[in-house]
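Biologist: I'm new to reading models like this one. Could you pick a single part, look at it closely, and then work outward from there?

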Amino acid sequence: MSGTIEIGAVELFVRVAELRSFRAAGEALSVPRSTVSRRVAELESALGTRLFHRTTRHVELTSAGKTYLQACGPALGTILEAGRALAARSEDTAGRLRVTAPVMFAETALGEVVTECLARHPQMRLELVLTDRHVDLAEEKFDLAFRSGTLRDTSVVAHELGRGQLRCFASREYLREHGTPLTPRDLRRHECIVFTPFAPRGRWTFRSRGRAVEVPVRARLLVNSMPLAIEAAARGLGIARLPGAAAGEGLAANQLVEVLDAYAPPARPLYAVHASGGRVSPVARAFLEVAKKHLERLGWQARATRD
């Protein structure tokens, strides 16, 4: 065994084994199929063995998978039941939590956070408002907000959750046809997919020899949807510049390749903020604990990392 085993991954494995389907397991647990596949792959990596034989039509346990299921199935049920009983008795995480986050960030990073948090804390009531507008937390009665980059609002208390970095990605097919850019200036000869919130002036910023360098790019596609930008890059429409964490699944599935990694700009901090004058409530703290764990899994750098 070569890694940490998480109870959530074991639960997904057991459900896939019972239903003999990654899709059915995801539907049963309200988790995307891609997430089920990724978490089971992480479990296999941690155990150092394959648990399933996968084909386009069937999912069957390997001999190692059968052994693991027999050993962990009953124990998992006991652990989950104990957790549900404890959560049901907990009054600390009961109540309403109102959270706001940027649309792109929430759609790519908070889905699993919401699912796990509500499963862990049955008495929590969550309202998640997606907006790119800079909200007034006190005026609009938000308990938490997610914000990135430099914070200029002195009326909030910030908790850094991690750091994300903008990187360039393309499909292997695109690079075979058009070549691989070796420096940022090479992008002038390439088709680019511009995610407009990160490049309002049609320019991408890189770091070269310790200083920032802006490069104008030729946009074949301008889009304000992160999922659509990722899909366009995976389908070979051009080079996209995306948060590294957002492209994680595409990299793992061999759909995307990173380019110009030596010129990536400094990582930007991500914060959870709340209005000053009060402590973080237990229900908000519980939400942040789950969020931080998932962000680290998605590839957000730990707080200690500095450029």
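Modeller: Let's zoom in on α11, where V283, A284, A286, F287, L288, V290, A291, H294, L295 and R297 are buried. "Buried" here means under 20% relative accessible area, while "exposed" means over 50% and "partly exposed" is anything in between, using a 1.4 Å probe and protein chains only. A quick word on the ground rules: this is a predicted model, so local features need pLDDT of at least 70 and side-chain atom pairs count only at pLDDT 80 or more, while totals for chains, interfaces and linings use all residues. Residues are numbered from 1 along each chain as its sequence is written, and side-chain values use heavy atoms, with hydrogens and water left out.

The names are simple too: helices (H or I, at least four residues) and strands (E, at least two) are DSSP runs, numbered from the N terminus. You can check a helix with a ruler, because its expected span is 1.5 Å times one less than its number of residues. For the 17 residues of α11, that predicts 24 Å, and the end C-alpha atoms are 25 Å apart, which agrees. Here's a handy rule for reading a list of buried helix residues: an α-helix has 3.6 residues a turn, so residues three or four places apart point the same way.

Where do those buried side chains go? Some go into a nonpolar core, meaning a set of buried Ala, Val, Leu, Ile, Met, Phe, Trp, Tyr and Cys residues joined through side-chain atoms within 4.5 Å. The largest one has 26 residues, and L97, F105, L110, L144, F146, F287 and L295 touch the most other members. Each of β3 (95-101), α5 (103-109), α6 (111-120), β5 (144-148), β14 (268-275) and α11 (282-298) supplies at least two residues of this core. The biggest giver is α11, with 8 residues. In soluble globular proteins, nonpolar side chains tend to be buried together.

F146 shows you what sitting in that crowd looks like. Skipping its neighbours within four places in sequence, F146 is in contact (heavy atoms within 4.5 Å) with V99, T100, A101, P102, F105, L110, L161, Y271, F287 and A291. There's also a second, separate core of 21 residues, including A9, L12, V36 and L51.

Back in α11, R297 gives us a bridge to another part of the model. Apart from neighbours within four places in sequence, R38 touches E112, E249 and R297. R38 sits in helix α3 (residues 33-47), and its relative accessible area of 17% makes R38 buried.

Now follow α3 to its partners. Helix α1 packs against α3 at an angle of about 110°, with the axes 9 Å apart. Those axes are lines fitted to C-alpha atoms, for helices over the stretch in contact, and angles run from 0 to 180 degrees between N-to-C directions. That angle makes α1 and α3 roughly perpendicular, a label for 65 to 115 degrees, whereas under 35 counts as roughly parallel, over 145 as roughly antiparallel and the rest as oblique. On the α1 side, the contact uses G8, A9, V10, L12, F13 and V16, and on the α3 side V36, R39, V40 and L43. Sorted by class, that's 8 nonpolar, 1 polar and 1 charged. In this sorting, Ala, Val, Leu, Ile, Met, Phe, Trp, Tyr, Cys and Pro are nonpolar, Asp, Glu, Lys and Arg are charged, and the others, Gly among them, are polar.

α1 itself has A9, V10, L12, F13, V14, V16 and A17 buried. Its 13 residues (7-19) should span 18 Å, and the end C-alpha atoms are indeed 18 Å apart. Right after α1 comes R20, in the loop between α1 and α2. R20 has a positive phi of about 55° although it is not a glycine. With a relative accessible area of 54%, R20 is exposed.

On the other side of that loop, helix α2 (residues 22-29) also meets α3: the axes come within 8 Å and cross at roughly 110°. So α2 is roughly perpendicular to α3 as well. F22, R23 and G26 of α2 make this contact with R33, V36, S37 and V40 of α3. The classes here are 3 nonpolar, 2 polar and 2 charged residues.
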